[in-house]
Amino acid sequence: MRAKNRSMSLIKKIASRFQTEQTIPNRNVVRNSECAEFEVDAWRLSNFVVEKLVPMVGVHPFPLHELMLLSAAVCHTRPVQIFEWGTHIGKSARAFYETVIHYDIQCDIHSVDLPDNIAHVEHPSLERGKLVRGLKRVHLHQGDGIETSLRIWRNSGSPKPVIFFVDGDHSVDSVYRELSAIVDQVPTPTVLLHDTFYQSSESKYNVGPHKAIERVLNEQRGRFRRIDSGLGLPGMTLLYPA
Ligand SMILES: C[S@@+](CC[C@H](N)C(=O)[O-])C[C@H]1O[C@@H](n2cnc3c(N)ncnc32)[C@H](O)[C@@H]1O
């Protein structure tokens with residue numbers, strides 16, 4: 001009986017230590033910012049992703065490594081504005097919101113989806129933005145994602161740093177149009193794109209977003225650096241100023 005009590009208290013001690021490590025707020029996960037390579041403290045960021053993001057948004061459509069890339073991009077950029085489309089039910093918008101709140105980043109999140117009268121296979125209808133409705137720093141809009149975002153960005157004085165999250169229509173033409181408009185009109189954007197995983201043709205995957213990125217990067221040689229989530233579908237790519 002005594003031995004059982006002793007081992008229970010040992011387990012409790014270890015658990016409470018683990019808990020403390022997990023919940024220590026840390027506002028600085030960026031490492032070696034004076035060095036050439038993008039780097040975050042991946043252990044600390046993992047704690048944030050597991051404790052805050054996963055309970056809020058799950059791991060679909062954004063698996064763990066994509067939630068890591070998304071939140072790392074936010075911590076690294078410390079944007080004043082984030083523009084994202086499409087909103088759908090608001091999972092990515094909620095992930096951005098939780099990240100800027102936790103890391104104390106003064107940032108407005110603008111999320112755009114198509115108007116209700118425009119047909120799109122993925123349009124969320126009445127569910128649009130349900131995970132972010134009423135949150136103070138999240139603004140929901142309806143319109144074309146890139147046009148609406150760039151208009152709001154310009155009308156607010158073209159502030160920087162700024163992040164764009166491209167997750168609307170996933171055809172090669174749509175992603176090329178949207179990414180080209182960003183890099184043409186915004187001097188130093190950070191861009192995240194979704195559904196960008198590349199696999200060879202036997203997979204029959206839609207590799208349109210991947211092709212669009214390749215094309216834009218070829219036209220913009222040397223202007224951006226790139227991190228791909230890799231591993232599997234759906235895939236997320238980060239482009240940041242070189
Ligand atoms: C894959 S879902 C986005 C998932 C969402 N980011 C999330 O976190 O759950 C694609 C969304 O993009 C929207 N969409 C498609 N084309 C668009 C466009 N040109 N502008 C804005 N939204 C668009 C669709 O209506 C749909 O809600």
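This tour visits the ligand shell, a helix pair and a set of paired strands in a predicted model.

**The ligand shell**

Begin by selecting the ligand together with the 19 residues around it. Of these residues, G86, K91, S92, G145 and G168 come nearest to the ligand. Two elements each give two or more residues to this shell: helix α4, residues 91-102, and strand β2, residues 108-113. Colouring the shell by class separates 6 nonpolar, 7 polar and 6 charged residues.

**The pair α5 and α6**

Keep G145 selected, since G145 is named among the residues that come nearest to the ligand, and extend the selection to helix α5, residues 145-155. Add helix α6, residues 172-185. The two helices pack at an angle of about 20°, and their axes lie 9 Å apart. Angles under 35 degrees count as roughly parallel, and α5 and α6 are therefore roughly parallel to each other. Their crossing is right-handed. To display the contact, show G145, I146 and L150 on α5, with E178, A181 and Q185 on α6. The residues of this contact comprise 3 nonpolar, 2 polar and 1 charged.

**The strands around β7**

Next, select strand β7, residues 236-241, and strand β5, residues 190-194. These strands pair in the antiparallel sense over 4 bridges. Within this pairing, V191 has L239 of β7 as its bridge partner. Then add strand β6, residues 224-228, which pairs with β7, also in the antiparallel sense, over 5 bridges. Which residue of β7 does I227 stand opposite? Selecting I227 leads to L238. β7 thus has pairings with both β5 and β6.

Conventions
Residues numbered from 1 in each chain as written. Predicted model: local features only at pLDDT ≥ 70, side-chain atom pairs only at ≥ 80, totals over all residues. Pairing = 2+ DSSP bridges. Near = placed C-beta within 6 Å. Nonpolar A, V, L, I, M, F, W, Y, C, P; charged D, E, K, R; others polar. Axes fitted to C-alpha atoms, helices over the stretch in contact; angles between N-to-C directions. Parallel < 35°, antiparallel > 145°, perpendicular 65-115°, else oblique. Left-handed = near helix turned anticlockwise from the far one by under 90°. Contact = placed C-beta atoms within 7 Å.
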